[in-house]
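Work through the exercises below with the sequence and the model side by side. Try each task before reading its solution.

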Amino acid sequence: MRYGSEQHQDRKGRAVFLKVRSLTVTAIMVGLILMASSAVTWHINTLERQSCFDFLEEEIGALSSRIENRFHRDHELLRSLALLCARYADIREPELWEELSSFKDSGLLSSVEILLPGDRLLTAGGRESDVSGKLSFAREAALGEHLSSRENGLFTQDTYVLRHYLPVVRDGRIVALLMGVILVDELSRKLGVSPYGGRGEYFVVDGDNGDFIVDTWHPGRLGNMLSLGHRETAPEFQDRNMQQEIMAGKRDYIVIVSRTTGEYGYMYYAPLKIKNWRLVVAVPEDVVFENYDNIKAHLRGLCIFELVCFGLYLTWMARTVRTVTAEKQRRLDMFVHLNEMEQLLFNAHVHTENVSRALLKLACLIKAPKIALWLCAVDGRLRRFSLDEGKYADVYLTREEALFFAAVAQRFTQGQEEFSANGLRELHERLPEVPEGLYSVLAVPVREPGTGAFLGMLSLCNLKRDGTQRAFLRALTFSFALFCSNFRNRELLREEGDRDGLTGLYNRSRYERDLPQIERQRQSRESLYCVYIDVNGLREMNNGRGHEAGDSMLRTVASEIAAHFDSPYLYRTGGDEFVIFVKGNDSVSPESKAAALVLALEVHDYHIALGIADGRDFSSLSALIRAAEEKMYASKQRFYGSRQLRV
């Protein structure tokens, strides 16, 4: 009995020991977790506070870049206009001023003016006025390309302006100064920037004299920073002078005390790469540390929650570890694919083959049989990147495909953010035409970053649906939007380089580059005509009346061609030669358009020789062009033969 009692006591003692040990181990684990949580909380608080300062610095950097880019674009525009002015012998030409007037309110500019020697000012429409004593041509010309300080307006003293001067140089001599006028009162609106999503304010200060160029904190009251007096600062900043540091061009931040609320405000200042200007961003403390305060409160709650739910957490972790691990792996795989696609799209506007590679990765990830990126290009034609195309190409759509794109794009331009139709019945109910072989569609718009303008769409067809596809597409639209925006900008630059400087039509280089895609259109079901035109009498006009008269003749011919032929393929291929490719399925035949063109030019006493050939009658594009050219030469011979002249 004694032995049994001792054995029972031993088992009980062992059970108590095990229980105490378990409790002790659990208590130690809880203590360690709480200590670790406290340490992590302190560390995260420190990092998050520092990240708030880093974000403040990044915000002023981004704001500086946007402001500098806006002024740089205006500078490049004015430089192009100065080159345009230099081509005119008379700066007062109405044609020049009509061109300059079209740039009114472009970018940051409110108007474009010209300052002439003798301090004579030309304004809109070529009106001339004397600004002696107000502006000096000699002084401004000596400074070259430059941006003025804040100045009073010429005719209204209560208006401040900035003047952007670009010399107009002809034969190595400055003959005029092109002047872009910026209304200071409208500058903040035209810049269209605001720190911290509009919850902060910013100032642009002239480092030479302290004048405010922009002051969003006190709109309508532009003054001088040096006249504001001393501002009370937080205790740790009392030995610093904010105004002196700003004027000296330092890059730092300071904490001031609000005169009205007594709260702290954070001001970060840095130099701008515009004249000797400074940028100052002012943000309330609660905005700067908004994320920090939220995270701090959440972390405190998290520590309490850990203590209460520790046991439940272990049970839940044991049950869900496998599911969570699988989900994390899936998300990680998705992130890796997303990162790879973003890298491909980063420079895809230069290497367009990367678009098809990105689409291929997307198709493999979400198992889409058909996937395409549709892009509305700057010349009005449609570009499409798809898996069946190894590189970029103009795509000529069937009637059903064109109606499909137009119907879906119309929904996106009206603000819809997704188009989804599953099954032929739903497709026929929602679309006017359904392309052959299509039985489901999921499409999202691609919009320009910042403006939200519709650039194109990303479409997935004939795929099985699940919830991750929509989320994944939305995550990718920004990268595709950056590509589309960069691609359009690149196309716009190419479009400008493809234009003939005299007539505005496409030049010879664009003509030769377009021939392959024109050949593809000729081989399609649509009929294509070639119209070959040569201007009669251009040499005689140049010899008899001068090259200016000849240039005017060519411009008139080009203008009438554009007016009578609604086609994207209008080219000036030589000095007096023009080539047009036009569809033959319009209500007005190419022959009728050509006859109307001849009559319109005869009103100006200009004559042309032209030849028209139908693409359906020839086996190749070169044969079509050659046939039209031969007809043109025959027309030219008849013209000169009837006037007893030699060709």
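**Exercise 1.** Is arginine 92 buried, partly exposed or exposed?

*Solution.* The model is a predicted one, in which local features need pLDDT of at least 70, side-chain atom pairs count only at pLDDT 80 or more, and totals for chains, interfaces and linings use all residues. Residues are numbered from 1 along each chain as its sequence is written, and side-chain values use heavy atoms, with hydrogens and water left out. For the classes, buried means under 20% relative accessible area, exposed means over 50%, and partly exposed lies in between (1.4 Å probe, protein chains only). Arginine 92 has a relative accessible area of 39%, and is therefore partly exposed.

**Exercise 2.** Find the salt bridge between arginine 513 and aspartate 498, and work out which parts of the chain the pair ties together.

*Solution.* Begin with the criterion: a salt bridge is a side-chain nitrogen of Lys or Arg within 4 Å of a carboxyl oxygen of Asp or Glu. The closest N and O atoms of arginine 513 and aspartate 498 are 2.3 Å apart, and the two residues form a salt bridge. Next, locate the partners, keeping in mind that helices (H or I, at least four residues) and strands (E, at least two) are DSSP runs, numbered from the N terminus. Arginine 513 belongs to helix H13 (residues 508-523), whereas aspartate 498 sits in the loop between helix H12 (467-497) and H13, so the pair ties together parts that are 15 residues apart in sequence. Finally, compare the surroundings: arginine 513 counts as partly exposed at 35% relative accessibility, while aspartate 498, at 5%, counts as buried.

**Exercise 3.** Describe how strand S18 is enclosed, and name the strands to which bridges join S18.

*Solution.* Nine of the nine residues of S18 are buried, so this strand is largely enclosed by the rest of the structure. Both faces are covered, with Leu528, Cys530, Tyr532, Asp534 and Asn536 buried on one side, and Tyr529, Val531, Ile533 and Val535 buried on the other. Now turn to the pairing, for which DSSP must find at least two bridges between two strands. S18 runs antiparallel to S20, and seven bridges join them; here tyrosine 532 has valine 579 as its bridge partner. S18 also runs antiparallel to S21, joined by eight bridges, and in S21 isoleucine 608 stands opposite valine 535.
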